[in-house]
Amino acid sequence: MTKPPMLTAQQALDHLLSHAQTVGESEKVAMQAALGRVLAENVNSLVDVPPLDNTAMDGYAVRSADTATPGKTLKIAQRIPAGSMGAPLESGTAARIFTGAPVPPGADAVVMQEDCSLEGEGGQVIINITPTAGQWIRRKGEDLTAGKTALTAGAFLRPQELGVAASAGLTHLSVKRRVKVAAFFTGDELALPGEPLKPGGIYNSNRDTLLACLKSLGCDATDLGIVPDRLDATRDALRKASKDHDLIITSGGVSVGEEDHIKPAVTAEGRLDLWQIAIKPGKPLAFGAVRKSDDPKDGEAWFIGLPGNPVSSFVTFLLFVRPFILKLQGREARLPQSYFMRADFDWLKADRRNEFLRVKLNSNGGLDLFPNQSSGVLTSASWGDGLVDCPPNQPIKAGDLVKYIPFDALLK
């Protein structure tokens, strides 16, 4: 029987994203609780920002008609600190003004103090330049206009978005509820750090890696621990995970060996596609859904099964699970921007699969390669700054330009 062709990374991602649907529920939270959440509805500004024309500099507010030539001397008629309102500026006078203070009526320019000199006892100022109308004045509403959209639904709320909302006069924001993800890990060889290792055992690194990835994306992550390599135990874990979660993620057990129970378990509890993806590391990937109950009205929880090798698990999470979760959250779901960088290494044993090599930026503006690219060597990901996206059957020689994807972009 002929095996079906392996999917490309893009084909697999397109299939995943074609099924993901943004969670519908939202909640209103206080501003600081909204950090890292996704805005559920447009935010309109309650005020003009700034509310009045104001100065961008410490200096002197003037009438440009009074200072048509350099060296004009003006009487300092008033002093306007931030938070105060000045009187109308009379012809032939200047107002001492400080950053953020409203520009007084009649003034049409601000001259920064470095371009001015005080005369006598400080009652007069010499304007040493010829200012243009509008110079150093921030206009009313130039940032935000009352009633207009300040932030759009779907925006990921970073510190700068919270600042925009605060400047618009908002105290609370309506945000999408957090995506709920359950994770469990299969393998009788696995132990948790702190436990004694039995012969043939290994500490479970995928648990902490994947749970940290989920939390970094703002998910509500539930750790269901290590599940024994038994069909009944795997089915029980799936039923438990499906009830209150949008997505179930597992690590390990997605091959076709006798001890790999994910495929029959998910098939029994829902439906499953088991794919071979033409990437390295991370060839096996499972995608499907698990029933929440015997009543179809209760719906399903999505399921993604990742490989067990730690680098394979990490890389497939970044390439496939992350965009899937982003779409569930209502965010833009695509791989981050890659950059062409110079390879300062040779990679001559080109694979027929699309390889993702762990690399690090060097002080010469190029990329160094971790010497051991095995899917079991997680230190390659800790050492590295990102991945090189190496197309199938393409060797790399030192000096070649390669596609580089920073981990910072893949993990934010």
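**Exercise 1. The strand β25**

How many of the 5 residues of strand β25 are buried? Then work out how β25 pairs with other strands.

*Solution.* The model is predicted, so local features need pLDDT of at least 70 and side-chain atom pairs count only at pLDDT 80 or more, while totals for chains, interfaces and linings use all residues. Residues are numbered from 1 along each chain as its sequence is written, and side-chain values use heavy atoms, with hydrogens and water left out.

Step 1. Fix the terms. Helices (H or I, at least four residues) and strands (E, at least two) are DSSP runs, numbered from the N terminus. Buried means under 20% relative accessible area, exposed over 50%, partly exposed in between (1.4 Å probe, protein chains only).

Step 2. Take the strand. β25 covers residues 386-390, and 5 of its 5 residues are buried.

Step 3. Find the partners. Two strands pair if DSSP finds at least two bridges between them. Strand β23 (residues 354-361) pairs with β25 in the antiparallel sense, over 5 bridges. Strand β26 (residues 401-406) also runs antiparallel to β25, with 4 bridges.

Step 4. Place one residue. L387 of β25 has R358 opposite it. L387 also stands opposite I405 in β26.

**Exercise 2. Aromatic pairs**

Classify the ring pairs F287–F324 and F314–F407, and say which elements they link.

*Solution.*

Step 1. State the rule. Rings of Phe, Tyr and Trp (its six-membered ring) pair if their centres lie within 6.5 Å; planes under 30 degrees apart are stacked, over 60 edge-to-face, and the rest tilted. The structure holds 6 aromatic pairs.

Step 2. Apply it to F287 and F324. Their centres are 5.8 Å apart and their planes 70 degrees apart, an edge-to-face pair. F287 is in strand β20 (residues 284-291) and F324 in helix α6 (residues 310-329), 37 residues apart. F287 is buried at 3% relative accessibility. F324 is buried too, at 0%.

Step 3. Apply it to F314 and F407. With 5.7 Å between centres and 55 degrees between planes, this pair is tilted. F314 lies in α6 and F407 in helix α8 (residues 407-411), so the pair ties together parts 93 residues apart in sequence. Relative accessibility is 9% for F314, which counts as buried. F407 is buried at 6%.

Step 4. Look for a cluster. Ring pairs join W275, F287, W302 and F324.

**Exercise 3. The largest nonpolar core**

Which residues of the largest nonpolar core touch the most other members, and which element gives the most to this core?

*Solution.*

Step 1. Define the core: a set of buried Ala, Val, Leu, Ile, Met, Phe, Trp, Tyr and Cys residues joined through side-chain atoms within 4.5 Å.

Step 2. Read off the members. The largest core has 47 residues; L247, I304, F317, F320, F324 and I325 touch the most other members.

Step 3. Assign the elements. Helix α6 gives the most, with 12 residues. Among the elements that each supply at least two residues are β13 (180-186), β17 (247-251) and β21 (300-306).

Step 4. Check F324. Contact means heavy atoms within 4.5 Å. Leaving aside neighbours within four places in sequence, F324 is in contact with L16, L17, A20, L247, F287, W302 and I304.

Step 5. Check I249, which lies in β17. I249 is buried at 2%. Outside its neighbours within four places in sequence, its contacts include V181, I304, L306, F317 and V321.

**Exercise 4. The helix α2**

Where around the axis of α2 do the buried residues E161, L162 and A165 lie?

*Solution.*

Step 1. Locate the residues. E161, L162 and A165 are buried in helix α2 (residues 159-167).

Step 2. Take the arc, which is that of the directions from the helix axis to the C-beta atoms. E161, L162 and A165 cover an arc of only 100 degrees, which puts them on the same side of α2.

Step 3. Recall the geometry. An α-helix has 3.6 residues a turn, so residues three or four places apart point the same way.

Step 4. Find what they face. The buried residues of α2 pack against β11 (149-151) and β12 (172-176).

Step 5. Follow the chain. G169 comes after α2, with a positive phi near 95 degrees.
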